[in-house]
Amino acid sequence: MKKFKYLIMAASILLYVNGNAQADCVLGVGVTNDSVISDIFQLNKMQNEKLVSFSAELKYRNDVLSNELKNVKDRHPQSNVTELRQLGDKYKAVMDSMNSVQSLIDKRMLALFNPKQYEFYQLLCKEANRSPYLVMPTIYADSIVDENR
């Protein structure tokens, strides 16, 4: 029981440090309700379809990684401090993979934003004191071009 308590404490510390050090402005595809993202950024039909697809992909990938986390916890020896450290390192590696997948999916969605949607995303990030992901927004044929720029 003591070993499990140390594992939980170590995992909590890792998540706290990683969470506070995170400065990326996460869009939250697959985490935030799709309709919220759609409403906030006024997504078109194609963007909504991609959002649903990306959300499903993220869920699938995270399910695979969650199974990996469970396997690491269940199969890794936890009888001494060294083994607990190794377990913590493996746990952190899987959590880093989850963060990377979220970043990848968010960037793929942001690349589908038009310039005005992307500017709005950047504004929200600035207000939240977060660093936006840098992507090239898509210029759509049906977009209205401001000729005064």
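This note walks through a predicted model, point by point.

1. **The disulfide.** Start with the cysteines. The search of the whole structure finds one disulfide. Cys25 is joined to Cys125, with an S to S distance of 2.0 Å. The loop between helix 1 (2–21) and helix 2 (34–41) holds Cys25, while Cys125 sits in helix 5 (residues 115–127), so the bond ties together parts that are 100 residues apart in sequence.

2. **Its hand and its setting.** Is the disulfide left-handed or right-handed? The torsion about the S-S bond of Cys25 and Cys125 is about -90°, so the disulfide is left-handed. Are the two cysteines buried or exposed? Both Cys25 and Cys125 are buried.

3. **The inner side of helix 2.** Look next at helix 2. Its buried residues are Ile37, Ser38 and Phe41. They span an arc of only 100° around the axis, which places them on the same side of helix 2. The general rule for spacing is that an α-helix has 3.6 residues a turn, so residues three or four places apart point the same way. What covers the buried residues of helix 2? The cover includes helix 3 (45–75) and helix 5.

4. **The end of helix 2.** Check the backbone here. Gln42 follows helix 2, and its phi is positive, near 50°.

5. **A nonpolar patch.** Now turn to the surface. Val36, Ile40, Phe120, Leu123 and Leu124 make a nonpolar surface patch of about 380 Å². Which helices supply at least two residues each? Helix 2 and helix 5 do. Helix 5 gives the most, with three residues. One patch member is Leu123, which lies in helix 5. Leu123 has a relative accessibility of 41%, so Leu123 counts as partly exposed. Helix 5 thus appears twice in this note: helix 5 holds Cys125 of the disulfide, and helix 5 supplies residues to the patch.

6. **Asp106.** This acidic residue deserves a look. Asp106 lies in helix 4 (residues 81–110). Is Asp106 buried or exposed? Its relative accessible area is 0%, so Asp106 is buried. Leaving out residues up to four places away in sequence, Asp106 touches Val26, Leu27, Gly28, Val29 and Tyr133. Asp106 and Gly30 are 76 residues apart along the chain, yet their C-alpha atoms are separated by 9.0 Å.

7. **Ser55.** Compare this residue of helix 3. Ser55 has 10% relative accessibility, so Ser55 counts as buried. Its contacts, not counting residues up to four places away in sequence, are Val29, Gly30 and Asp34. Val29 is touched by Ser55, and Val29 is also touched by Asp106.

8. **Salt bridges.** How many salt bridges does a search of the whole structure find? The search finds six. The general idea is simple: side chains of opposite charge can pair when their charged atoms come close.

9. **Glu57 and its two partners.** Which residues are linked with Glu57 in a network of salt bridges? They are Arg61 and Arg108. The bridge from Glu57 to Arg61 has its closest N and O atoms 3.0 Å apart. Glu57 and Arg61 are four residues apart in helix 3, so about one helical turn separates them. The bridge from Glu57 to Arg108 likewise has its closest N and O atoms 3.0 Å apart. Glu57 lies in helix 3 and Arg108 in helix 4, so this pair ties together parts that are 51 residues apart in sequence.

10. **How exposed the network is.** Take its members in turn. Glu57 is partly exposed, at 21% relative accessibility. Buried means under 20% relative accessible area. Arg61 is partly exposed too, at 30%. Arg108 is partly exposed, with a relative accessible area of 31%.

11. **Lys73 and Asp74.** One more bridge is worth a check. Lys73 forms a salt bridge with Asp74, and the closest N and O atoms are 3.4 Å apart. Lys73 counts as partly exposed, at 37% relative accessibility. Asp74 also counts as partly exposed, at 45%.

Key
Residues are numbered from 1 along each chain as its sequence is written. This is a predicted model: local features need pLDDT of at least 70, side-chain atom pairs count only at pLDDT 80 or more; totals for chains, interfaces and linings use all residues. Side-chain values use heavy atoms; hydrogens and water are left out. A disulfide is a pair of cysteine sulfur atoms within 2.5 Å. Buried means under 20% relative accessible area, exposed over 50%, partly exposed in between (1.4 Å probe, protein chains only). Patches are made of residues with over 30% relative accessible area and no salt bridge: like charges are joined within 9 Å, nonpolar side chains (Val, Leu, Ile, Met, Phe, Trp, Tyr) within 5 Å. Accessible areas come from the Shrake-Rupley method with a 1.4 Å probe; for residues, only the protein chains shown count as cover. A salt bridge is a side-chain nitrogen of Lys or Arg within 4 Å of a carboxyl oxygen of Asp or Glu. The arc is that of the directions from the helix axis to the C-beta atoms. Contact means heavy atoms within 4.5 Å.
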